[in-house]
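Let's take a walk through this protein together. Have the sequence and the 3D view open side by side, and we'll go from the overall picture down to a couple of residues.

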Amino acid sequence: MNYATGNTALSQYRKVGTHTGIESADSHRLVQMLMQGALEKIATAKGFMQRGKVAEKGAHISWAIAIIEGLRAGLNLEQGGAIAQNLDDLYEYMGRRLLQANLDNDATMLDEVMALMQEIKGAWDAIPEDAKRAGEHP
């Protein structure tokens, strides 16, 4: 699934339900917010999975997949080089794992995707301020 950049990521975050600060967020902050939104949706889906709430679980997993696809769409594969390509591949993998977790009702797959997203977000959060301003991230 491929989306237009920029506006898609913004619209995906708006679907998360948090509007605080989005209008003033720079692209780096927006990505952080999207990652956090995906983590929250996956955690919520896991809770619904554990309680046997199939429809709610599926809705939140779908929401997380849409957010991850928004992150994927925001990658600049031409300028980002190998890092952007690796992220693209990882986001694609995460989407497939979430879909499989939904089909198999497998919380361990949700945990796997959450761990991957937390690792990516941790690296993203560690980007130095001067690099953020210069737009040197993929």
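Take the contacts in the protein with a separation of 6 or more: 60% of them come from residues 24 or more positions apart. Keep in mind that what you're looking at is a predicted model.

What about secondary structure? The protein has six helices and zero strands, so to speak an α-α-α-α-α-α run if you read the elements from the N terminus on.

Now for the inside and the outside. The protein has 138 residues, and 43% of them count as buried. As for the outside, the accessible surface comes to about 7,400 Å², with carbon and sulfur atoms making up 51% of that.

Next, zoom in on D88, which you'll find in helix α4, spanning residues 77-104. Is D88 buried or exposed? D88 counts as buried because its relative accessibility is 11%, and the cut-off for buried is under 20%. Who are its partners? Leaving aside residues up to four places away in sequence, D88 touches R72, L75 and L77.

Finally, have a look at the aromatic rings. How many aromatic pairs are there? The count is zero. A ring does turn up in another kind of arrangement, though: the charged end of K41 sits over the ring of W63, at 3.4 Å from the centre of that ring. Try centring your view on W63 to see K41 sitting over its ring.

How values were computed:
Residues numbered from 1 in each chain as written. Predicted model: local features only at pLDDT ≥ 70, side-chain atom pairs only at ≥ 80, totals over all residues. Heavy atoms only, no water. Phe/Tyr/Trp six-rings, centres within 6.5 Å; stacked < 30°, edge-to-face > 60°. Lys NZ or Arg CZ within 6 Å of the ring centre and 35° of its normal. Helix = DSSP H or I, 4+ residues; strand = E, 2+ residues; numbered from the N terminus. Buried < 20%, exposed > 50% of the residue type's maximum accessible area, 1.4 Å probe, protein only. Contact = heavy atoms within 4.5 Å. Areas by Shrake-Rupley, 256 points an atom, 1.4 Å probe, with all protein chains shown as cover.
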